[in-house]
Amino acid sequence: MGKINAVITGIGGFVPSYILDNEEMSRIVDTTDEWIMKRIGVKTRHILKPEEGNGTSFMMTKAVEELLQKTQIDPQTIEAMVCATTTPDYHFPSTASLVIGNLGLQNCYGFDMEAACAGFLYAMEVGAGLIATGRVKRIVVCGGDFMSSMTNYEDRTTCPIFGDGAACVLMEATEEDYGLIDTYFRTDSHYDPLHMAAGGSACPPSHETVDKRMHFVYQEGKEVFKHAVTNMSDAVEIIAKRNNLTNDDIAWLVPHQANIRIETAVAKRINLPESKVMINIDHFANTSGGTLPLCLWEYEPQLKKGDNIIFTAFGGGFTWGASYMKWGYDGDKFSKK
Ligand code: UT7
């Protein structure tokens, strides 16, 4: 038996129905549509409201339901699920447990993993690794976050950035030369510029942590911005060079959607035309672990079998990297049905 590759064979996604636009945002904090569009590039973000559903598991369940409906696979043939999220429903049980239970998957085990905004990038590597063992042939990798649950709507420097959403991919074993081919990942320790101070074991929730508003995202934007542009650009260059890919060979760059200026700066630094960069930050904002799969979800009809795709992400930790994937199917096969 030859080398086992892990190829994506389907995508599902979900964003909540409530749309928070910049006009409403400017009534919540002291900001304007003009500032947000110029400095971040977000026009609208989707927000999960209690009347629609609750928790990241709700959004991931919807995304997997769509995946099952599109691909028509037997749900009982899914053997594993990895959920990348920084906003799990609970410390435990895992979000994956809840999604598996919601969908009645009886032959599947699952777990969560957290690598902030690079979570989905890392989760695809984990999924591909499980498949490469030969013990699992069909796995669902989810990425998504309920960012509004930890966004401080009194802090104008962070609240316009984030939105809610989740998406997932089906990864399957193949001996063909498609799928996840190479990754370059790095992690270092930068607590101060990007973190949530309380709620974990180092600082459990208390009246004091609530009073001090320590359960929200804290970000030093400029510092994070610099690291994001440099590290994402370097990672993409390393992965392209290592796989002998010129910019002509690259069909798509799928960058984490943190700020339109970060995405365009990365494209510029590697000389890639912006037409090859997937962008949806304008209408989905930064959904953290959801950004990469939500890009695939939206761009799926444009994807062609054999496309060389480079993913890159950067997030809290810091966590960052890039992956090279050879796409496995013509994306319009689902829209043609
Ligand atoms: O996803 C994980 C990784 N995260 C990222 O990659 C995010 C990286 N950082 C960023 O995207 C940007 O740094 C931000 C969008 C967070 C902020 O943009 P910036 O251009 O770096 O703004 P700044 O924080 O330097 O603030 C510039 C000015 C300040 O006013 P003064 O001091 O110059 O008078 C802020 O008070 O803009 C002001 N400002 C705002 N004005 C209107 C900050 N937020 C707002 C706002 N509306 N929402």
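**Exercise 1. Determine how His-256 and Lys-222 approach the ligand, and how far the protein covers the ligand.**

Step 1. In the side chain of His-256, an N or O atom is 2.9 Å from an oxygen atom of the ligand. This is a polar contact, that is, a pair of N or O atoms within 3.5 Å.

Step 2. For Lys-222, a polar side-chain atom lies 2.8 Å from a ligand oxygen atom.

Step 3. The ligand taken alone exposes 950 Å², of which the protein buries 74%; accessible areas come from the Shrake-Rupley method with a 1.4 Å probe.

The model is predicted: local features need pLDDT of at least 70, side-chain atom pairs count only at pLDDT 80 or more, and totals for chains, interfaces and linings use all residues. Residues are numbered from 1 along each chain as its sequence is written, and side-chain values use heavy atoms, leaving out hydrogens and water.

**Exercise 2. State which helix gives the most residues to the shell around the ligand.**

Step 1. The ligand is surrounded by 22 residues, each with a heavy atom within 4 Å of the ligand.

Step 2. Helices H2 (33–39), H7 (221–242) and H8 (260–269) each supply at least two shell residues; helices are DSSP runs of H or I with at least four residues, and strands are runs of E with at least two, numbered from the N terminus.

Step 3. H7 gives the most, with four residues.

**Exercise 3. Give the strand order of the open sheet and identify its edges.**

Step 1. The order is E8-E13-E12-E11, with mixed pairing; two strands pair if DSSP finds at least two bridges between them.

Step 2. E8 (179–190) and E11 (250–255) are the edge strands, each pairing on one side only.

Key:
Polar contact = N/O pair within 3.5 Å; in protein donor to acceptor, adjacent residues only side chain to side chain.
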